[in-house]
Amino acid sequence: MSKFRVAISGDFKKPDGSAAFPDFDLSPLEQNPAVDYHYVAGNGVIRAADLEGFDALILLAPRIEPDSFPGDGRLAIIARFGVGYDTVNTQACTDHGCALAITPDGVRRPVAVAVITFMLALMSRLMAKDRLTRSGPPGWALRNQHMGVGLIGRTLGSLGIGNIGAEVFRLAKPFDMRFIAYDPYADPKIASSLGVRLVDLDELFGEADVLSISCPLNDQTRHIVNAKRLALMKPSAILINTSRGPVVDQKALTKALQEGRLAGAGLDVFEEEPNPKGDPLYGLDNVLLTPHALCWTDQCFAGIGAADIKAVLDVMHGRVPTGIVNREVVDQPGWQDKLKRYRQTFGG
Ligand SMILES: NC(=O)c1ccc[n+]([C@@H]2O[C@H](COP(=O)([O-])OP(=O)(O)OC[C@H]3O[C@@H](n4cnc5c(N)ncnc54)[C@H](O)[C@@H]3O)[C@@H](O)[C@H]2O)c1
């Protein structure tokens, strides 16, 4: 093995060959004489033949299934761009002695900023006031009917206090709000260091003036925000979802918003993406809707890309990268052997 060979999924390039995400800086690979990188298949399920002879894969949208792994057993890391990995068969990675890494460091700040953006815009009635201004004097005359809601002493609640949920509280500190969260796996020490009171689900829904969702989508959280829980919320409260669409029963939420049982919502994610034609959410002026991309900034993509490249180069130098999903692989003798060989070849 003279070079460390990195595959990059082909969807990082547009059909015209230009970079899909120009802020993803590949120069640490380009400038490393010991690295050889190539683009491979960009859609569907990646085939084993495409990954033959590679040590690492930087992956965007294509799926990884058990038959994506070549017989040479060489692949040591798949670095997924972002933190979602429902497109990757994690067990198959472990079975083939391959680590799967995601990039919590790249999304933490950008998604938390997206939550704060929704909160500030909705609480200050930003969109309504923009419309009033554009309609000239008649709009100006109505401005006292669109009073915003001040934040001091109001309650910011979070469903989930992990990577992103905790960062939301860090960013919101100067607003002098009360902080509460529900998270069955929360670390009480982290919560207390952030000034967050851990509460039960009903309390979270009943007390929050701003309720932000930052939990994963799984069997326990699918439709955890449902009609019954929305009914516990204050009519003056707003709901923000930047996690995954199906965490919220969207029909129930739309109904609550239509009936004025909730003051507003900021939604970056939906049960169906893109939303179906004529989605009733479009008819509501108390919601802000963004196409699963409010966190997309130059810095977000640069940060995610940098985290992926760091994970790949860590493995190349025989180090265990952060953000590994299938932690059990770390103790496998086969994976440890790969790291040892990389260390011997490329230096630790
Ligand atoms: N909108 C976007 O572009 C975007 C980008 C990145 C991540 N996300 C989504 O944001 C969400 C949070 O990501 P993260 O990086 O903070 O994940 P994370 O795993 O670090 O944190 C999730 C937290 O949710 C908690 N949790 C698990 N089950 C729960 C339950 N039943 N009720 C309440 N809390 C529960 C976990 O204990 C954990 O603390 C995920 O759904 C992720 O897919 C969205």
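In the predicted model, strand β10, formed by residues 238–241, is covered on both faces. Ile238 and Ile240 lie on one side and Leu239 and Asn241 on the other, and all four residues are buried. In a regular strand the side chains alternate between the two faces of the sheet. Strand β10 pairs with a neighbour on each of two sequence segments. Strand β9, residues 210–213, runs parallel to β10 and is joined to β10 by four bridges. Within this pairing, Leu211 has Leu239 of β10 as its bridge partner. Strand β11, residues 264–267, also pairs with β10 in the parallel sense, over four bridges. Here Leu239 stands opposite Ala265 of β11. The connection from β10 to β11 involves helix α11, residues 250–258, and the three elements make a right-handed β-α-β unit.

A comparable description applies to strand β3, residues 56–59, which is likewise covered on both faces. Ala56 and Ile58 are buried on one side of β3, and Leu57 and Leu59 are buried on the other. Strand β1, residues 4–9, runs parallel to β3, with three bridges between them; in this pair Ala7 stands opposite Leu57. Strand β4 is also parallel to β3 and is joined to β3 by four bridges. Leu59 of β3 stands opposite Arg80 of β4.

The protein as a whole contains 13 helices and twelve strands. Of its 348 residues, 50% are buried. The C-alpha trace spans about 70 × 45 × 35 Å along its principal axes.

The ligand is surrounded by 22 residues, of which the closest are Asn163, Ile164, Asp183, Cys215 and Thr242. This shell consists of eleven nonpolar, eight polar and three charged residues. Several polar contacts involve oxygen atoms of the ligand. An N or O atom in the side chain of Asp183 is 2.6 Å from a ligand oxygen atom. For Cys215, a backbone N or O atom lies 2.8 Å from an oxygen atom of the ligand. A polar side-chain atom of Arg244 is found 3.4 Å from a ligand oxygen atom. Taken alone, the ligand exposes 860 Å², and the protein buries 83% of that area.

Several loop residues were also examined. Thr87 is placed in the loop between β4 (77–80) and α3 (90–95). Because its relative accessibility is 15%, which falls under the 20% cut-off, Thr87 counts as buried. Thr87 and Asp200 are 113 residues apart along the chain, and their C-alpha atoms are separated by 32 Å.

Arg125 lies in the loop between α4 (104–123) and α5 (126–134). Although Arg125 is not a glycine, its phi is positive, at about 55°. Its relative accessibility is 22%, so Arg125 counts as partly exposed. Asp176, in the loop between α7 (163–172) and β7 (178–182), is not a glycine either and has a positive phi of about 55°.

A cis peptide bond is present between Glu273 and Pro274, with omega at about -10°. Pro274 belongs to the loop between β11 and β12 (287–289).

Notes. Residues numbered from 1 in each chain as written. Predicted model: local features only at pLDDT ≥ 70, side-chain atom pairs only at ≥ 80, totals over all residues. Heavy atoms only, no water. Near = heavy atom within 4 Å. Polar contact = N/O pair within 3.5 Å; in protein donor to acceptor, adjacent residues only side chain to side chain. Areas by Shrake-Rupley, 256 points an atom, 1.4 Å probe, with all protein chains shown as cover. Nonpolar A, V, L, I, M, F, W, Y, C, P; charged D, E, K, R; others polar. Buried < 20%, exposed > 50% of the residue type's maximum accessible area, 1.4 Å probe, protein only. Pairing = 2+ DSSP bridges. Right-handed = clockwise from strand over helix to strand, strands pointing away.
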